[in-house]
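Visitor: Could you show me this one and walk me through the terms used for it?

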Amino acid sequence: MPMPALAETAAVGCLLFILLIPLAAVGLALINTGLGRSRSAAHLMMSSLCALAVAALVYFGFGFAWQGFIGRGAHVLLLRGKEWNWIAAEPFFFRGLTLDTSLPSLASLQQIFCVILACLIPLGSGADRWRLRAICCSTAILAGITYPVFAHWVWGGGWLAQLGANYRVGYGFVDTAGSGVIQVVGGLSALAVTWILGPRRGKYSEDGMAPAIPGHNGVLVLLGCLLALPGWFGLNAAGAMLFTGAEVGRAVLIAVNTLLCACAAALTAAVITGYRFGKPDASLSANGWVGGLVASSAGCAFVVPAEAVIIGSIAGGLVTLSVGWFELNLEVDDPGGAVSVHAVGGLWGLLAVGLFARFPSPVQNVASGFPGAASATASGQLLAQVVGVATLLGFVLPLTYGLNLLLNRFCAFRVAVEGERQGMDLYELGAGAYPEFVTHTDEFIPH
Amino acid sequence: MKIASFLLLLAGWCLVLAAIMLLPTPGARGGFIFSGLAVEALGLALAVRSHSTIRGAKG
């Protein structure tokens, strides 16, 4: 079922929201760089730039062809009389798009920025040891295969969005602005990359200790958080207009919810760390802030502000506690906290839709074309969200892990020992980020 | 153990899909979907366990 076209004013508004999204990417890049070590700072920023470029080009080449848009050509499986729309059938290189203010064109622009966001997420987890060439290749896989397939299922009229229409499971899986499609996909890719890379040298000792390797620049991290906020306003508002049929005036509610979610999450993180460590921790509070933004994306158009505060508070708590749990108990060395912030925060955001969201007519899951407000129940919607979560964990994680593991056989992910000791800046780029100010003490000491 | 863990993840997802396709009543469908999620949780726990046996740096 094709979506109704946007009015001209709404289309211009949607375009402006879309053009804010790169700020979120800038924010993520700064956060990743600040949480890494100074000897790899330039390499992380260079990796962000290269990942952005690779993601955009690959998505232009064939990513959108497999993601598609609602109501356009797709490949469908017929199972027990129901259509399971599993992948789009768009032409490659945007040849099927007119690139005007039509919905598919606006969605293609928005999706380029969204896939860039998703591809920046794993950089935080692979900091200080992930080779640039491998980053580019892994980004191509994420932007060309993993992301478009799942995004089609949710936003392209695929079977997840059709759960409501085909099987009366709520309104189908709802993910307004990418808590699942962008954040959890990126976070699970980050987990896969962390597993394949292994921990940084010296992170885990034989006697079970895990010394902290703190980030080198808290100012970059916190500046990144502030820049990410307007980016997320644009991300959430554009997603709501494109994929749930929200009118442009709903952007006020979306912006309020996004802001309150982030604020509640950051303060919760600060309170928890202040209680546990005696002083609030800046980097964990920043992680909490981003976790709140991530959790807000799924249901920002369908919850009241008080519920957004609750969602953000829980996101802040989950992210703060899971960072330490992943690092100390599960031996997942994740310098940027990407797995906790994006995967855990995103999964909570998706489930929160089932717990809190209400779907007033005419706002609905337009991706399914399902207007069944009368038959959709709260428990049905929660079940639809659980199916989406199960798909992320049971399909996306094995897919991204398998593809990256295969890639690792042809393009080694991990830098040599010497490179990790010198720092990625000197080893891979030949120049450091702070040539006048940084003095290393251990890279030339033989071990 | 790594392969088994990811096979468990896939198996849990297939259980969820089967529940959607084959079970018409909401109660049974919901029960099997959560069962599939539990199988996935087991697979995830096994995957974490299989990757956490490495201590110290690789390379």
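Guide: Here we go through the interface first, then a helix pair.

This is a predicted model, where local features need pLDDT of at least 70, side-chain atom pairs count only at pLDDT 80 or more, and totals for chains, interfaces and linings use all residues. Residues are numbered from 1 along each chain as its sequence is written, chains are lettered from A and ligands numbered from 1 in the order in which they are written, and side-chain values use heavy atoms, with hydrogens and water left out.

Visitor: What makes a residue part of the contact between chain A and chain B?

Guide: Contact means heavy atoms within 4.5 Å. By that rule, chain A brings 35 residues and chain B brings 27 residues.

Visitor: How do you know how many salt bridges there are between chain A and chain B?

Guide: A salt bridge needs a side-chain nitrogen of Lys or Arg within 4 Å of a carboxyl oxygen of Asp or Glu. The count between the two chains is 0, so no pair there passes that test.

Visitor: What is the area buried between chain A and chain B?

Guide: About 2,900 Å², with 72% from carbon and sulfur atoms; that is accessible area (1.4 Å probe) lost on putting the two parts together, summed over both. Trp195(A), Glu331(A) and Leu383(A) supply 20% of what chain A buries against chain B, more than any other three residues.

Visitor: Why is the crossing of H6(A) and H11(A) called left- or right-handed?

Guide: Left-handed means the near helix is turned anticlockwise from the far one by less than a right angle, and right-handed means clockwise. H6(A) passes H11(A) in a left-handed crossing, so the turn is anticlockwise.

Note on methods:
Helix = DSSP H or I, 4+ residues; strand = E, 2+ residues; numbered from the N terminus.
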